[in-house]
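Here are some notes to read with the model open beside you. Take them one at a time and find each piece on screen before moving on.

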Amino acid sequence: MSSTTGSGSGSKGSKQKYHSGFVAIVGRPNVGKSTLINEVIGQKIAIMSDKPQTTRNKIHGVYSTDNSQIVFLDTPGIHKPTSKLGDFMVKSAVNTLGEVDAALFLIDVSEGLGGGDRFIIEALKKVNTPVFLIMNKIDKIEPEALLPLIVQYKNLYDFAEIIPISALKGNNIDTLLKVLSSYLPEGPQYYPADQVTDHPEQFVCAELVREKILHLTREEVPHSIAVAIEDMRVQENGVVYIGAVIYVERDSQKGIVIGKQGALLKQVGKEARRDIETLLGSRVFLELWVKVKKDWRNQDRLLKDLGYRND
């Protein structure tokens, strides 16, 4: 694909150079990575939750303008793993740093500098790409509290840029995108201008179902859940039929997800269907089942079946 853009059939000099690149968003769990990518893209492609370690796969979000394209990788939060799934998540995040043109190190300014941040900074020192310090959730602190934090982080790493934002409120996002675009190399348009992710619709639909479960269940359930779309088709009446299986690790968790007289599962389906209809732009019939796959987070074969791979 051509690496330049321009209108009409003017001379070579009338065309504007096209810039593109891949950018990783890294940070501790629950600092707002998914919120940021959804805000940039303008619609939900990464699920959001107040529970840590929500993101499990690298989410590719595509932001396009007339003369640039940024492909964002929303990585899993870097944390101390306690299962094979956890190992996959951390390796996925760290390995991403060697694949990109720039990295956004996202921090939660309301929490301050922690051990997890120091671990990530040590990983960043091993890569030769520009790293931005993105100071998220500035709406939660007083402005005068920012400067001491900036000094703390600058003493640990020589960041290419430091940009305070609020991903939730949309504050300073335009500035971030403008500055980030200036760092991109000249390159091709990797995706069509109207494409916002490289994940298939089935993946995003499964993630939207999982998001609703995270919101509606208790603490012992969220990380034991995986969702697989087993059937997705357009029916004769134009309604999209989706059959999804929710996997849990124990029988007791199955009962929790279903809820009393099926109430919780019904609510999950109602909320997920609403978001999926927005995503697909059509009516949806969503059917959900709950099945037990004992200790699936530590079984390599099951992890691969559910889309989590270490290779």
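1. Start with the largest nonpolar core, keeping in mind that this is a predicted model. This core has 28 residues, and F105, L124, M135 and Y153 are the ones that touch the most other members. Several elements feed into it: β3 (19–26), β5 (68–74), β6 (102–108), α3 (115–124), β7 (131–136) and α4 (146–154) each give two or more residues.

2. Now pick out Y153. Which residues does it contact, once its neighbours within four places in sequence are left aside? The list is F105, I107, G112, L113, D117, I121, L133 and F159. Apart from this core lies another one, made of 25 residues, including F203, C205, L286 and L288.

3. Next, look for the open sheet of three strands. Its order is β9-β10-β11, and the pairing is mixed. Why is one side of β9 (226–234) and of β11 (284–292) left without a neighbour in the sheet? Both stand at the edges with a single partner strand each, so one side of each has no neighbour there. From one strand to the next, the twist averages 15 degrees.

4. Zoom in on one pairing in that sheet. Strand β10 (residues 240–248) pairs with β11 in the parallel sense, over nine bridges. If you want a spot to check, try V245: its bridge partner in β11 is W289.

5. Two helices lie across this sheet's strands. Helix α6 (residues 201–216) lies across β9, β10 and β11 and runs at about 130 degrees to β9. Helix α8 (residues 263–280) also lies across β9, β10 and β11, running at about 135 degrees to β11.

6. Stay with α8 and add helix α7 (residues 251–258). Their axes come within 5 Å and cross at roughly 60 degrees. That angle is neither under 35 degrees, nor over 145, nor in the range 65 to 115, and α7 and α8 are therefore oblique to each other. On the α7 side the contact is made by I256, V257 and I258, and on the α8 side by A263, L264 and L265. Sorted by class, this contact has six nonpolar residues, with no polar and no charged ones.

7. Finally, step back to the whole chain. You should be able to find nine helices and 11 strands. Of the 311 residues, 50% are buried. Among contacts between residues at least 6 apart in sequence, 71% join residues at least 24 apart.

Methods
Residues are numbered from 1 along each chain as its sequence is written. This is a predicted model: local features need pLDDT of at least 70, side-chain atom pairs count only at pLDDT 80 or more; totals for chains, interfaces and linings use all residues. Side-chain values use heavy atoms; hydrogens and water are left out. A nonpolar core is a set of buried Ala, Val, Leu, Ile, Met, Phe, Trp, Tyr and Cys residues joined through side-chain atoms within 4.5 Å. Buried means under 20% relative accessible area, exposed over 50%, partly exposed in between (1.4 Å probe, protein chains only). Helices (H or I, at least four residues) and strands (E, at least two) are DSSP runs, numbered from the N terminus. Contact means heavy atoms within 4.5 Å. Two strands pair if DSSP finds at least two bridges between them. Axes are lines fitted to C-alpha atoms, for helices over the stretch in contact, and angles run from 0 to 180 degrees between N-to-C directions. Ala, Val, Leu, Ile, Met, Phe, Trp, Tyr, Cys and Pro count as nonpolar, Asp, Glu, Lys and Arg as charged, and the others, Gly among them, as polar.
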